[in-house]
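Hello,

Here is the structure I promised to pass on to you. Have a look through it first, and my notes on what turned up are below.

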Amino acid sequence: MSTTFTRQLERLVNGIPTQDGAGVSLTRVLTHDLQRRLDPFLMLDAFHSDKPDDYLAGFPDHPHRGFETVTYMLQGRMRHRDNAGNEGLLEPGGMQWMTAGRGLVHSELPEQEDGLMSGFQLWVNLAGRDKMTTPSYSDIPSAGIPEVSPQDGLHVRVLAGEAFGTKGAVERPTTAPLYLDLHLEADKQVALPIPATHNAFLYVYEGELQIGQDKRVAGAGRMAILSNTPGAEGVEIHASKDSRFLLISGQPLNEPIAQWGPFVMNTREEVEQAIDDFRAGRF
């Protein structure tokens with residue numbers, strides 16, 4: 001059976017400028033009210049600034065439990081450390097996939113005093129049965145992220161999942177995330193396969209795209225939620241300008257979501273237990 005590329009642009013979302021950590025300026029693209037619609041994804045932040053005051057304070061020690069964080073750097077360097085003695089350095093083009101699991105306390109601090117800091121952090125939920133798993137990291141340098149140019153004018157970095165016959169740097173069987181960073185040249189078009197069961201969205205960070213058969217426009221700084229058209233396994237994209245964008249999709253967990261800040265569990269009682277465990281130093 002041939003793939004049907006009939007997903008459409010369901011909704012355009014403007015990111016919300018905010019601050020997090022010790023005062024880092026960023027844009028919150030995927031917000032709390034979209035967690036159900038974009039299950040298993042909980043949050044997407046985009047950061048991009050060459051003003052040191054926007055990022056130098058970084059993210060001092062803070063806890064997580066019950067989900068995964070994915071930090072993808074376009075430019076800049078970020079050092080992470082945790083309370084178990086783990087340490088790593090994110091550099092341009094690199095990615096860190098952290099499974100918070102049953103809980104840890106870590107910091108993410110810029111390792112530069114000037115220059116451009118640009119990238120994304122995505123939160124991916126864990127299934128209830130996996131929320132108390134042992135914390136772990138995958139620190140992947142730029143050279144470890146597979147790249148493919150399947151057609152003229154298209155370049156793809158496969159961070160997670162599989163696309164165009166290329167397996168990504170990370171695979172997760174339960175949520176089956178597909179995470180692509182794409183560069184599509186002006187006046188080029190591509191049909192992007194997406195599993196029919198997945199929730200999916202695009203985030204345009206440079207240029208302008210025309211999405212779907214009706215060619216609705218998404219410009220830079222906009223998130224485009226893609227329709228869950230029955231049987232549709234992909235979407236048609238045309239670049240009005242030279243464009244760079246993320247394609248992110250995943251298998252919904254269809255489980256209750258109970259969140260209090262950095263703790264994401266299935267019930268209020270589990271969140272209260274996470275708070276008690278953190279306060280008692282059990283992370």
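Let me begin with the aromatic side chains, where W260, F263, F278 and F283 form one cluster. Please keep in mind throughout that this is a predicted model. In all, the structure holds nine aromatic pairs.

One of the nine aromatic pairs is made by Y72 and Y179, in an edge-to-face arrangement with 6.3 Å from centre to centre and 80° between the planes. Y72 sits in strand β6 (residues 67-75) and Y179 in strand β17 (residues 178-184), so this contact ties together parts that are 107 residues apart in sequence. Y72 and Y179 are both buried.

Back in the cluster, the ring centres of F263 and F278 lie 6.2 Å apart with the planes at 55°, so this pair counts as tilted. Here a strand meets a helix: F263 belongs to β26 (residues 263-265) and F278 to α1 (residues 268-279), which means that the pair ties together parts 15 residues apart in sequence. Are these two rings buried or partly exposed? F263 is buried because its relative accessibility is 1%, which falls under the 20% cut-off. F278 has a relative accessible area of 34%, so F278 is partly exposed.

Next come the charged side chains. Side chains of opposite charge can pair when their charged atoms come close, and in this model the count comes to 15 salt bridges.

R28 is a good place to start looking. The side chain of R28 meets D20 in a salt bridge, at 2.8 Å from N to O, and R28 also forms a salt bridge with D45, where the closest N and O atoms are 2.7 Å apart. With D45 in strand β4 (residues 41-49) and R28 in strand β3 (residues 24-30), the D45 and R28 pair ties together parts that are 17 residues apart in sequence. Which of the three residues are buried, and which is partly exposed? D45 and R28 are both buried, whereas D20 is partly exposed, with a relative accessible area of 33%.

A second spot to look at is R79, whose side chain meets E111 in a salt bridge of 2.9 Å, N to O. This pair links distant parts of the chain, 32 residues apart: R79 lies in strand β7 (residues 78-82), and E111 in the loop between β10 (104-110) and β11 (117-125). R79 is buried because its relative accessible area is 19%, just as the cut-off of under 20% requires. E111, at 29% relative accessibility, counts as partly exposed. R79 and E111 also belong to a wider network, in which salt bridges that share partners join them with R77, R81, E87 and E91.

Finally, a word on empty space inside the model. Rolling a probe the size of a water molecule over the atoms shows where empty space is left. The structure holds three cavities of 30 Å³ or more, and the largest cavity has a volume of about 50 Å³. What lines the largest cavity? The lining is made up of V24, F47, Y55, F59, M78, P110 and M117. By class, these divide into seven nonpolar residues, with no polar and no charged ones.

If you open the model with a plan in mind, I would go through the aromatic pairs, then the salt bridges, then the cavities. I look forward to hearing your thoughts.

Best wishes

Key. Residues are numbered from 1 along each chain as its sequence is written. This is a predicted model: local features need pLDDT of at least 70, side-chain atom pairs count only at pLDDT 80 or more; totals for chains, interfaces and linings use all residues. Side-chain values use heavy atoms; hydrogens and water are left out. A salt bridge is a side-chain nitrogen of Lys or Arg within 4 Å of a carboxyl oxygen of Asp or Glu. Buried means under 20% relative accessible area, exposed over 50%, partly exposed in between (1.4 Å probe, protein chains only). Helices (H or I, at least four residues) and strands (E, at least two) are DSSP runs, numbered from the N terminus. Rings of Phe, Tyr and Trp (its six-membered ring) pair if their centres lie within 6.5 Å; planes under 30 degrees apart count as stacked, over 60 as edge-to-face and the rest as tilted. On a 1 Å grid over the protein atoms alone, a cavity is a set of points where a 1.4 Å probe fits but cannot get out, and a pocket is an open set with protein on both sides within 12 Å along at least five of seven lines; lining residues have an atom within 4 Å of a point. Grid points are joined across faces, edges and corners, and a volume is the space filled by probe spheres set on the points. Ala, Val, Leu, Ile, Met, Phe, Trp, Tyr, Cys and Pro count as nonpolar, Asp, Glu, Lys and Arg as charged, and the others, Gly among them, as polar.
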